[in-house]
Amino acid sequence: MKSQAAVLHGVGQDWQIETIELDPPRAGEVLVKMSVAGICHSDDHFATGDSVPDDNLVALIEAAGMPMPEWFPLLGGHEGAGIVEEVGPGVTTLKPGDHVAVSFIPSCGSCRWCATGATYLCDVGGQVFSKNMITDDTPRRHLGDQDLMALMQVGTFSEYVVASERSFIKVHDWIPLDAASLVSCGVTTGFGSGSTCAGTKPGDTIVVIGTGGVGMNAVQGARAAGAKHVVAVDPVGFKRDVAPSFGATHTVSDAGEALTLVKDLTWGVMADAVILTVGVLQTDLIPLALMLTRKGGTCVVTAMTPLSQMTVPLILSDLVNSCKTLKGALYGEMNARASMPMLLSMYEAGALKLDELVTRRYRLEDINDAITHLRAGSNIRGVIDFGQGDVNA
């Protein structure tokens, strides 16, 4: 079938609205008509080249004997929600008419990582950068005579998505699909980073650096876990203005300001955890974040660093002598099939803000405006609305 979609043809280029061809779902696959797709910084990392290996990294990957993906043309989008149109043979968890949220990391449920509760590390999820499906290793998405890579094996910047059953999670049909879309990536990643991954406990002091679509939810996660102080750091004034409504107790414009504030708040002890959720993480922020972190504390790196920055400046004596932890976070260490329903239940109970995260709505053809606003930091979260309602850009 044909579908209008946003396709990226190379680093430094704009997204192009193209008519792509989707094959029908095969065994274990599902066709979904998209309702909403979130605009996440991870999509833009491919346009800027931050997530595309440079020559040095390519040489290392090839020397290790690992396959190098063909990145382009790329069907963008990995956050979203919609309604099931068709299911392939063997699909047992979904049927036409079901409302679903996308999980940008598919989970098999049986590998070592899934079996131990770390579905965000699923071995199947490690195959998301391929033009072939994770189900049978053949392509389903085409642009003319070219096969398309769909970002994270979903490609939600499209009217229709065909993907593995493992990439969709059923949600109650009374949940707004906007809300379901948000918990498919940004909210879950942020909430988990500020709570589960950071190990936040009641009374803690937490610093969140960067309060966009992920960071604002790290603020919510930290407060939900019982943090006493949640310091939101962002250079954009409107984000600082709204951060208290999401649970921030203090706001500052940069990490240098945060150092003085946190020192005063904690009588010199410093923060129990620092969460890095900036749009693009430059490695020179790491030493400052660790200075904000107390002895025995944790600095959580959720934000993506350009792949070209392969070295990180560290004061190792401080890391060792103060027993600090610098850790990476994927999906906020949340397990989608459990965490998405939990977060939506909190939303229904009024304990989690989702509607307030959406700053602007866009039509698919306005995707480049959405990316411009993303880069400028003028949205908490922008979404593509595939419906016919009023959309502002």
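A residue counts as exposed when its relative accessible area is over 50%, and as buried when that value is under 20%; anything in between is partly exposed. Leu316 reaches 51% relative accessibility, so it counts as exposed. This model is predicted.

**A nonpolar surface patch**

Leu316 sits in helix 10, which spans residues 316-321. On the surface, Leu316 joins Val312, Leu314 and Leu326 in a nonpolar patch. Together the four residues offer about 310 Å² of accessible area.

**Exposure of selected residues**

The table places four residues by element and exposure.

| Residue | Location | Relative accessible area | Class |
|---|---|---|---|
| Leu316 | helix 10 (residues 316-321) | 51% | exposed |
| Asp55 | helix 2 (residues 55-63) | 69% | exposed |
| Cys323 | loop between helix 10 and strand 17 | 55% | exposed |
| Glu333 | loop between strand 17 and helix 11 (336-348) | 23% | partly exposed |

Asp55 also takes part in a long-range pairing of positions. Its C-alpha atom is 9.1 Å from that of Ser308. Along the chain, Asp55 and Ser308 are 253 residues apart.

**Backbone details**

Cys323 has a positive phi of about 55°, although Cys323 is not a glycine. Glu333 is another non-glycine residue with positive phi, near 55°. Where is the cis peptide bond? It runs from Phe72 to Pro73, with omega near 0°. Pro73 belongs to the loop between helix 2 and strand 4.

**The parallel sheet**

Strands pair through backbone hydrogen bonds, in either a parallel or an antiparallel sense. One open sheet has six strands in the order 14-13-12-15-16-17, with parallel pairing. Strand 14 (250-252) and strand 17 (325-328) are its edges; each has a single partner strand, so one side of each lacks a neighbour in the sheet. From one strand to the next, the twist averages 15°. Within this sheet, strand 15 (residues 271-276) and strand 16 (residues 293-301) pair in parallel over five bridges. Ile275 stands opposite Val300 of strand 16.

**The mixed sheet**

Another open sheet of six strands runs in the order 8-7-2-1-4-9, and its pairing is mixed. Strand 8 (146-147) and strand 9 (149-150) stand at the edges, each with a single partner strand, so one side of each has no neighbour in the sheet. Strand 9 pairs with strand 4 (residues 74-75) in the parallel sense, over two bridges. Leu74 faces Met149 of strand 9 across that pairing.

**Strand 19 and its partners**

Is strand 19 mostly covered or mostly open? Strand 19 (residues 381-385) is mostly covered, with five of its five residues buried. In a regular strand, side chains alternate between the two faces of the sheet. Arg381, Val383 and Asp385 point one way from strand 19, while Gly382 and Ile384 point the other way.

Which strands pair with strand 19? Strand 3 (residues 29-39) pairs with strand 19 in the antiparallel sense, over four bridges. Strand 18 (residues 358-362) runs parallel to strand 19, and four bridges join the two. Gly382 features in both pairings. Ile39 has Gly382 as its bridge partner, and Arg360 stands opposite Gly382. From strand 18 the chain crosses through helix 12 (residues 367-376) to strand 19, in a right-handed β-α-β crossover.

Conventions: Residues are numbered from 1 along each chain as its sequence is written. This is a predicted model: local features need pLDDT of at least 70, side-chain atom pairs count only at pLDDT 80 or more; totals for chains, interfaces and linings use all residues. Side-chain values use heavy atoms; hydrogens and water are left out. Buried means under 20% relative accessible area, exposed over 50%, partly exposed in between (1.4 Å probe, protein chains only). Two strands pair if DSSP finds at least two bridges between them. A crossover is right-handed if, with the strands pointing away from the viewer, the path from the first strand over the helix to the second runs clockwise. Patches are made of residues with over 30% relative accessible area and no salt bridge: like charges are joined within 9 Å, nonpolar side chains (Val, Leu, Ile, Met, Phe, Trp, Tyr) within 5 Å. Accessible areas come from the Shrake-Rupley method with a 1.4 Å probe; for residues, only the protein chains shown count as cover. A salt bridge is a side-chain nitrogen of Lys or Arg within 4 Å of a carboxyl oxygen of Asp or Glu. Axes are lines fitted to C-alpha atoms, for helices over the stretch in contact, and angles run from 0 to 180 degrees between N-to-C directions.
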